[in-house]
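Got your viewer open? Load the model, set it to cartoon, and follow along one selection at a time.

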Amino acid sequence: MSVEYTFIGWCRDEESNADKVWGIIKLNGGQCGNYVSFWGRRGKKLQTKLHKDEYYWDMERMAEKKQSKGYNSIDKDKLDTVYPEFQADLEKTAFWNMFRV
């Protein structure tokens with residue numbers, strides 16, 4: 001299953017011991033479609049929220065807000081090195097959320 005990532009963010013703060021990921025997966029559609037946001041501590045079960053019939057730019061704004069809160073945009077390949085199960089976790093997330101659409 002191919003997963004289309006709109007945004008992947010990683011928040012690592014050694015002071016507060018935070019180590020979290022947050023991102024958006026596009027499930028289907030064009031400029032207006034269905035998306036899933038996901039978040040959680042790295043290596044733990046991810047939580048999700050389905051966003052039905054949302055415009056791409058609204059999802060981009062949501063990602064910009066997360067960046068302003070300390071989530072740095074990270075390339076999926078780099079994240080795979082610090083969170084090896086990331087791809088498998090997101091494929092499961094995307095798969096199960098397709099049934100909610």
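Among contacts in the protein between residues at least 6 apart in sequence, what percentage join residues at least 24 apart? The figure is 46%. Keep in mind as you click around that this is a predicted model.

**Stop 1: the whole chain**

Select everything and colour by secondary structure. You should find three helices and five strands. Walking from the N terminus, the elements go β-β-β-β-α-β-α-α.

Now orient along the principal axes: the C-alpha atoms fill a box of roughly 40 × 25 × 20 Å. A compact globule of 101 residues would have a radius of gyration near 13 Å, and the protein has 13 Å, so the two agree.

Switch on the surface. The accessible area comes to about 6,200 Å², with 47% of that belonging to carbon and sulfur atoms. As for what is hidden, 39% of the 101 residues count as buried. Colour by charge next: there are 17 positive and 16 negative side chains, and the centres of the two sets lie 6 Å apart.

**Stop 2: the sheet**

Hide the surface and show just the strands. They make an open sheet of five strands, in the order S4-S3-S2-S1-S5, with antiparallel pairing. Look at the edges, where S4 and S5 (72–73) stand: each has a single partner strand, so one side of each is left without a neighbour in the sheet.

**Stop 3: strand S3**

Select residues 32–41, which is strand S3. Is S3 largely enclosed or left open by the rest of the structure? Seven of its ten residues are buried, so S3 is largely enclosed.

Add residues 18–29, strand S2, to the selection: S2 and S3 pair in the antiparallel sense over nine bridges. For one landmark, click Lys26, whose bridge partner in S3 is Tyr35. Then follow the chain from S2 into S3, where a hairpin joins them through two residues.

**Stop 4: across to S4**

Swap S2 for residues 47–55, strand S4. S3 and S4 are also antiparallel, pairing over seven bridges. Two bridge pairs are handy to label here: Phe38 has Thr48 as its partner in S4, and Trp39 has Gln47.

The connection is another hairpin, this time with five residues between S3 and S4. Zoom in on Gly43 in that turn, and you'll see a positive phi of about 90 degrees.

**Stop 5: two residues on S4**

Stay on S4 and pick Asp53, which is found in this strand. What is the phi of Asp53 near? The value is near 50 degrees, which is positive in a residue other than glycine. That's worth a second look because most residues other than glycine have a negative phi. Bring the surface back and check the cover: Asp53 has a relative accessible area of 58%, over the 50% cut-off, so Asp53 is exposed.

Now move along to Thr48, also in S4 and already labelled as the bridge partner of Phe38. At 30% relative accessibility, Thr48 counts as partly exposed, because that class runs between the 20% and 50% cut-offs.

For a last click, draw a distance from the C-alpha of Thr48 to the C-alpha of Ser68. Those two residues are 20 apart along the chain, and the line should read 21 Å.

Definitions and conventions: Residues numbered from 1 in each chain as written. Predicted model: local features only at pLDDT ≥ 70, side-chain atom pairs only at ≥ 80, totals over all residues. Heavy atoms only, no water. Helix = DSSP H or I, 4+ residues; strand = E, 2+ residues; numbered from the N terminus. Rg over C-alpha atoms; globule rule 2.2 N^0.38 Å. Buried < 20%, exposed > 50% of the residue type's maximum accessible area, 1.4 Å probe, protein only. Contact = heavy atoms within 4.5 Å. Areas by Shrake-Rupley, 256 points an atom, 1.4 Å probe, with all protein chains shown as cover. Lys, Arg positive; Asp, Glu negative; His and termini not counted. Charge placed at Lys NZ, Arg CZ, Asp CG, Glu CD. Pairing = 2+ DSSP bridges.
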